Amino acid sequence: MKVAVVGATGLVGSKMLEVLEERRFPVTELLPVASFRSWGKKVRFQGREWTVISADEAIARCPALALFSAGGAMSAELAPRFAEVGCHVVDNSSYWRMDPKIPLVVPEINADVLQREDRIIANPNCSTIQMVLPLAPLHKAYGIKRIVVSTYQSVTGAGQKGIVHLETERAGGDGVHFPHRIDMNILPHIDSFLPDGYTKEEMKMVNETRKILRDESIKVSATTVRVPVEGGHSESVNVEFNTPYELSEARTLMAGMPGVTIQDDPEHNLYPMPINAWGKDDVFVGRIRRDTSVENGLNLWCVSDNLRKGAATNAVQIAEVLLENGWLEA
């Protein structure tokens, strides 16, 4: 199958290549696409080198699938052009996510919304994906009334520039990507601020959660925070349900969700940490406990590799659904 990866030289694009190879996706011809500064460079995939090309050249070669991780502006311009030549586009930017005509998919939760005619499919925000995965079975069982979430997000969520900023500071220099120092610091600021004081990242979690769980009544309050960690996002999640629940049953429901691993043994200091989630595809959940301050409340802590399940792996899993349904043609 002819597959394009748009943004192939970036942090997420490189991870997409890695995940495609790991999961043995049937790529017979790779079309790595990047900006003009990278044309002619080589990327390694399936034991050989492939030349980075322009989007125009990739479109002319009519790939069956394109995985996008090149930012919203590029997705807005290029995704429709790839779709016009019969390509299925899975886009990792935020541009298409809230378009009512575009499916926003976490395959374990709502793969059923996909249709053969969907040519552009949105990959959710990394912080949203790892939160809704353990919450989906709980919502089905008890109905979620309200979520309060605080995130602790890796610098990798800002791409290569975020890593360079942190490493430059740790080497004694001055980083230039974040508005303040990130090493030995925490920034309660991801993406730009909106007039109401929330950031775009926080509102992504609000709106995307409702769309993925198919319930506009869910109230979500998010605070997203950047921390000096190089791999993996962490989240403190407080949930209030519409109906009573049993803690043991809630734990069982989350444990039974594909892609969720429970790590919850406080007596032996077992709980999810980004250092252990890095390089893995699951969402790890722990610190599961009843919130005694509110009726039908639950607290949990979840951690996931934001470049894998939060981006590349989820995108490839969407492509696998298309393949399984017979909607991708080699």
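This text walks through two pockets and two loop residues of a predicted model.

Start with the pockets. Rolling a probe the size of a water molecule over the atoms shows where empty space is left. The largest pocket has a volume of about 1,000 Å³. Its lining is made up of 37 residues. Nearest the centre of this pocket lie V12, T156, G157, A158 and G159. Several helices take part in the lining. At least two residues each come from α1 (11-22), α6, α7 (200-213) and α10 (308-324). By residue class, the lining of the largest pocket holds 19 polar, eleven nonpolar and seven charged residues.

Now the second largest pocket. Its volume is about 420 Å³, and 20 residues line it. Here A34, S35, F36, A70 and M74 lie nearest the centre. Two helices, α2 (55-60) and α3 (72-84), each supply at least two residues of this lining. The biggest share comes from α3, with three residues. The lining of the second largest pocket splits into nine nonpolar, seven polar and four charged residues.

Turn next to S154. This serine sits in the loop that links β8 (144-152) and α6 (160-170). Is S154 buried or exposed? Its relative accessibility is 0%, so S154 counts as buried; the cut-off for buried is under 20%. Which residues surround it in the fold? Leaving aside residues up to four places away in sequence, S154 touches R226, V227, V229, E230, G231, G232, H233 and N306. One of these neighbours, G231, also figures in a polar contact. The side chain of S154 reaches the backbone nitrogen of G231 at 3.3 Å.

K280 is the other loop residue. It lies between α9 (274-277) and β12 (283-291). The relative accessibility of K280 is 39%, and therefore this lysine counts as partly exposed. That class runs between the buried limit of 20% and the exposed limit of 50%. The side chain of K280 reaches the backbone oxygen of N276 at 2.7 Å. Beyond residues up to four places away in sequence, K280 touches D305 and R308. The C-alpha atoms of K280 and L307 are 9.7 Å apart. Along the chain, 27 residues separate these two positions.

Put the two loop residues side by side. S154 is buried, whereas K280 is partly exposed. In S154, the side chain reaches a backbone nitrogen, that of G231. In K280, the side chain reaches a backbone oxygen, that of N276.

Note on methods. Residues numbered from 1 in each chain as written. Predicted model: local features only at pLDDT ≥ 70, side-chain atom pairs only at ≥ 80, totals over all residues. Heavy atoms only, no water. Helix = DSSP H or I, 4+ residues; strand = E, 2+ residues; numbered from the N terminus. Buried < 20%, exposed > 50% of the residue type's maximum accessible area, 1.4 Å probe, protein only. Contact = heavy atoms within 4.5 Å. Polar contact = N/O pair within 3.5 Å; in protein donor to acceptor, adjacent residues only side chain to side chain. 1 Å grid on protein atoms, 1.4 Å probe; cavity = no way out; pocket = protein on both sides within 12 Å on 5 of 7 lines; lining within 4 Å. Points joined across faces, edges and corners; volume = space filled by probe spheres on them. Nonpolar A, V, L, I, M, F, W, Y, C, P; charged D, E, K, R; others polar.
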